[in-house]
Amino acid sequence: MPKLPVYLDNQATTRVDPRVVEAMLPHFTMTYGNAASVSHRFGWEAAEAVDRGREQVARLIGAEAREIILTSGGTESNNLAIKGVLPGLKSRGNHIVTAATEHKSVLDPMKRLGREGWELTVVPPAPDGLVSVDAIAAVLTERTVLVSVMAANNEVGTLNPIAAIGRLCRARGILFHTDAIQAVGKVPLDVNDDSIDLLSLSAHKIYGPKGVGALFVRRRDPPVRLVPLFDGGGHERGFRSGTVAVPLVVGLGEAAALAGQERAEESARILELRERLHAAISGQIPAIHLNGHKTQRLPGNLNLSFAGVDGEALMMAMRDVAVSSGSACTSANPEPSHVLRAIGVTEELTRASLRFGLGRFTTAEEIDFAADTVARAVTRLRAAEAS
Ligand SMILES: Cc1ncc(COP(=O)(O)O)c(C=O)c1O
């Protein structure tokens, strides 16, 4: 029996890797200086730690350290990318493009800009969640200045063809932003190979601490100009004022370094566990629908709808397994999943959906326990419904 409850919500957040915690600790109590203090050793040591973290982040995505702006997390990175880049593009056009399956931290800034006079196109995905190059190409105009498409979806795990979308945008002289918060450290990514101009990432999805992230901003070919969202002390070369959270940046850097070293092997192991979970559940109960793409998906994501079962009731019936549901009331957002709606999942199957998120610390024993627990709960709820 595994230690309970079993955590299978790794797309919501991940446990901090003990090696990351270890790396962070001295920066709370020993090298606790302000990285902007240039007049003493406490400051110099803090600045060195920040530089190292920035290097580690840059290396993970094939960028240069000076192309990395440190932020408070994915939400800020997405907002800074979108709201920061558009003022400089006004003279070139007024059309911006994103996809209906994006995270709210991309969709909502885009919609706000749409209300403020930018012409916004929200591209619908295919039923498997894919945002195709053709779908993006079909909406581009002479006036398009920015395209934002996520690398991997946080709910259904679908991986988008971002290298192809990047190439398309580059050829048309359009800037390309990708929310890579779920993809970084899980699938191969390189800002040059993939023609990415702006890329958002977040530490807490890669076994680092919450409250820190980064935005990659291309410096050349083409150089991307940003205006800051915050004014203040001029930190991060003026693009993100506010004292840099040194221990968190050290954690982000260490998490990025570990992700770089372990990604290939880890993703293969996690994929095998996901297939084991899927097979074990489908082997025990009928009428299951897979949401998202069959193969082109995050290794650690399995999103299933159990026909005839209410997702909330199902989660209540399996309290020893921590997952999330596409129905309302399971997140900070009280709406049912906009992602499942966008890919055409019926309201009934949206209510019946569960997202299983596997990660670095997931074991085969936990997967077997989770599969049996789910199968038992679904069978019981279906029998209750039928009687
Ligand atoms: C795809 C995606 N984008 C953005 C975010 C927001 O990141 P953060 O929690 O670091 O603000 C998340 C996490 O919930 C996410 O999964």
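User: Why is K111 called partly exposed?
Analyst: In this predicted model, K111 has a relative accessible area of 37%, and since buried means under 20% and exposed means over 50%, the value for K111 falls in between and the residue is therefore partly exposed.

User: What makes K111 eligible for a patch of positive charge on the surface?
Analyst: A patch takes residues with over 30% relative accessible area and no salt bridge, and K111, at 37%, gathers with R112, R115 and R341 in such a patch. Helix α5 (residues 104-115), where K111 is found, gives the largest share of the patch, three residues.

User: Why are R19 and D17 said to form a salt bridge, and how do you know which of them is buried?
Analyst: Their side chains meet at 2.9 Å, N to O, and the cut-off is within 4 Å, so the pair counts as a salt bridge. D17, at 2% relative accessibility, is under 20% and therefore buried, whereas R19, at 36%, is partly exposed. Both residues also belong to a network of salt bridges with E262, E266 and R360.

User: Why is the contact of E236 with R54 called a salt bridge, and what does the pair tie together?
Analyst: The closest N and O atoms are 2.8 Å apart, which is within 4 Å, so the definition is met. Because E236 lies in the loop between β8 and α8 and R54 in helix α3, the pair ties together parts that are 182 residues apart in sequence. E236, at 9% relative accessibility, counts as buried, and R54, at 13%, counts as buried too.

Methods:
Residues are numbered from 1 along each chain as its sequence is written. This is a predicted model: local features need pLDDT of at least 70, side-chain atom pairs count only at pLDDT 80 or more; totals for chains, interfaces and linings use all residues. Side-chain values use heavy atoms; hydrogens and water are left out. Patches are made of residues with over 30% relative accessible area and no salt bridge: like charges are joined within 9 Å, nonpolar side chains (Val, Leu, Ile, Met, Phe, Trp, Tyr) within 5 Å. Accessible areas come from the Shrake-Rupley method with a 1.4 Å probe; for residues, only the protein chains shown count as cover. Lys and Arg count as positive and Asp and Glu as negative; His and the chain ends are not counted. The place of a charge is taken as NZ of Lys, CZ of Arg, CG of Asp or CD of Glu. Helices (H or I, at least four residues) and strands (E, at least two) are DSSP runs, numbered from the N terminus. Buried means under 20% relative accessible area, exposed over 50%, partly exposed in between (1.4 Å probe, protein chains only).
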